[in-house]
Amino acid sequence: MKDSDLTTEPLGQNLIKLISNLCFSVFVFSVLIFTVIAITYQPPDPWLESAPALTRLFTQSENATFKNDNSILKTGEDLIAAAAPAVSPAAAVNPITETVIEKSEEKITKMNLTSDCVDIKVVNCSDPRVLLAVEKFNLRVFKSIVFLDYRTPVNGSKPDECDVAWRFRNKKEKSWRKYRDFRRFRFSNGENCTYKVVHASGWRSGINARRPRNRLAPTRSGGTAKLSPPIRDEEINDTIPSLGSDRAFRKGKYLYYSRGGDYCKGMNRYLWSFLCGLGEAMYLNRTFVMDLSICLSATYNPSNKDEEGKDFRFYFDFEHLKEVASVVEEGEFLKDWKKWDQIHKRKVPVKKVSTYKVTPMQLKKDKSTIIWRQFDAPEPENYWYRVCEGQAAKYIHRPWQALWKSKRLMNIVTEISGRMDWDFDAVHVVRGEKAKNKELWPHLDSDTSPDALIAKLQGMIQPSRNLYIATNEPFYNYFDKLRSQFKVHLLDDHKELWSNTSEWYNETMLLNNGKPIEFDGYMRVAVDTEVVYRAKTRVETFYNLTKDCKNGINTC
């Protein structure tokens with residue numbers, strides 16, 4: 001018996017040890033898995049995609065039409081979170097609402113204005129009841145518009161007409177920017193000797209209420225251009241800021257990116273990399289040194305060649321960027337840096353970083369005046385966006401809210417939408433190279449033929465509606481069959497908005513030292529995107545018109 005007890009006791013102890021070791025191994029393995037997940041976790045992205053997924057999207061080799069299907073181009077004003085401020089503090093204006101109109105009406109009643117209640121032959125446009133009638137009319141008719149302020153009405157072309165100007169914003173635009181309209185109204189008697197609008201002319205028809213401007217604007221080189229448009233958007237201020245005195249320059253802290261492999265790549269790649277650099281500057285609490293010169297990829301140029309020397313301000317809102325981020329133009333920065341080193345024995349402290357593998361976290365406590373990231377390695381080691389990969393993605397958040405489309409392009413969007421009285425539907429028709437590639441998109445060509453479009457759109461859009469078609473179809477008359485069913489509008493129907501007599505043309509010439517620029521492919525897609533975004537009903541190619549997959553066969 002004793003021998004039996006002696007042999008079973010070690011077996012029980014060994015079994016207990018085996019079980020405890022197994023449990024400990026499971027615990028260690030669980031901790032390891034949790035640690036890996038914590039390290040590799042990517043924070044939520046404004047586009048509801050992980051950072052690696054967007055990196056693949058924005059940096060993949062470009063394919064068919066629009067190159068990576070850049071036919072819809074979203075920027076910050078399309079992605080602003082609900083918590084973001086609706087207006088800039090400097091531009092805060094209380095909108096004209098029914099409550100505001102009622103209060104104005106009470107004040108006018110107390111003024112005891114009198115007039116003979118006879119048929120109106122001559123309207124006193126300065127009578128506050130005229131403006132009140134216009135405000136009521138606009139609020140009732142243009143429900144998609146936020147009216148910000150009005151100017152005092154002026155005489156129209158006939159005794160019973162008045163021209164009225166106001167500033168407004170579309171309700172679908174999440175930015176604080178303001179736009180202008182001025183229209184001509186005809187009046188008759190309303191109830192209780194008030195005025196009533198009996199007719200309103202179209203977009204910018206009230207030319208007497210327009211305020212021409214003859215202000216000269218600074219060019220990139222610092223001089224002034226003699227050319228001045230008849231109407232100028234006074235609210236655009238995208239002048240290049242200066243750093244001020246030598247002392248101000250020396251007190252600053254800067255993050256400087258040298259030009260890398262992203263140059264002359266697609267615009268999506270540029271934005272993904274640019275916002276990485278800007279995000280790192282914000283994380284480091286430094287001013288980002290910014291090269292305003294962009295190389296536009298051949299994708300967007302009719303010549304099918306890369307074009308250098310494009311100004312950032314042609315495409316994006318530099319004024320807004322200056323308001324929400326600390327940036328300095330590269331030329332101004334280099335000039336002040338060189339000036340300091342020439343007149344001071346003690347040079348500016350500079351830390352040169354030769355690889356993206358030096359993380360922003362490692363630079364957080366660096367006290368150098370300038371952190372200079374250099375991207376001299378071969379591709380793909382010299383891409384800016386590599387700085388924000390891996391562990392850095394947990395700390396660097398791309399500031400999408402800082403990047404808006406150019407106000408000059410948005411003025412074109414507003415003009416096109418205004419000409420349709422903000423009451424239109426839109427269809428986005430993707431054709432081009434994709435329609436020709438039967439292997440990847442076997443049905444796209446036939447599904448977007450004029451007859452197929454008519455058959456499908458008739459079930460989605462009411463007849464005789466304004467229909468804006470955003471497309472890369474090169475033949476203007478391709479959609480003529482649709483004109484029998486809808487009031488068709490194409491981007492090229494509005495060519496005068498960027499012709500050599502347009503406000504956009506003159507404004508961009510001022511930025512380009514008096515040299516004209518082309519309304520290129522990226523600008524076209526940007527305008528198309530925003531017009532479609534303002535439509536009441538939107539129809540998409542790969543969701544509504546065809547069963548083909550957006551990125552080719554078997555990718556849905």
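Strands β6 (residues 254-257) and β7 run parallel and are joined by 3 bridges; strands are DSSP runs of E with at least two residues, helices are DSSP runs of H or I with at least four residues, and both are numbered from the N terminus. Two strands count as paired if DSSP finds at least two bridges between them. The model is predicted, with pLDDT of at least 70 needed for local features and 80 or more for side-chain atom pairs, whereas totals for chains, interfaces and linings use all residues. Residues are numbered from 1 along each chain as its sequence is written, and side-chain values use heavy atoms, without hydrogens and water.

Within the β6-β7 pair, Tyr256 has Val289 of β7 as its bridge partner. Between these strands the chain passes through helix α8 (residues 267-284), forming a right-handed β-α-β crossover (with the strands pointing away from the viewer, the path from the first strand over the helix to the second runs clockwise). Strand β7 also pairs in the parallel sense with β10 (residues 327-329) over 3 bridges, and Met290 stands opposite Glu329. Thr287 and Val289 point one way from β7, Phe288 and Met290 the other way, and all are buried (under 20% relative accessible area; exposed is over 50%, partly exposed in between, with a 1.4 Å probe and protein chains only).

The count of disulfides (cysteine sulfur pairs within 2.5 Å) comes to 4. One of them joins Cys264 to Cys295, with an S to S distance of 1.8 Å. The torsion about this S-S bond is about 95 degrees, so the disulfide is right-handed. Cys264 lies in the loop between β6 and α8, and Cys295 lies in strand β8 (residues 293-296), 31 residues apart.
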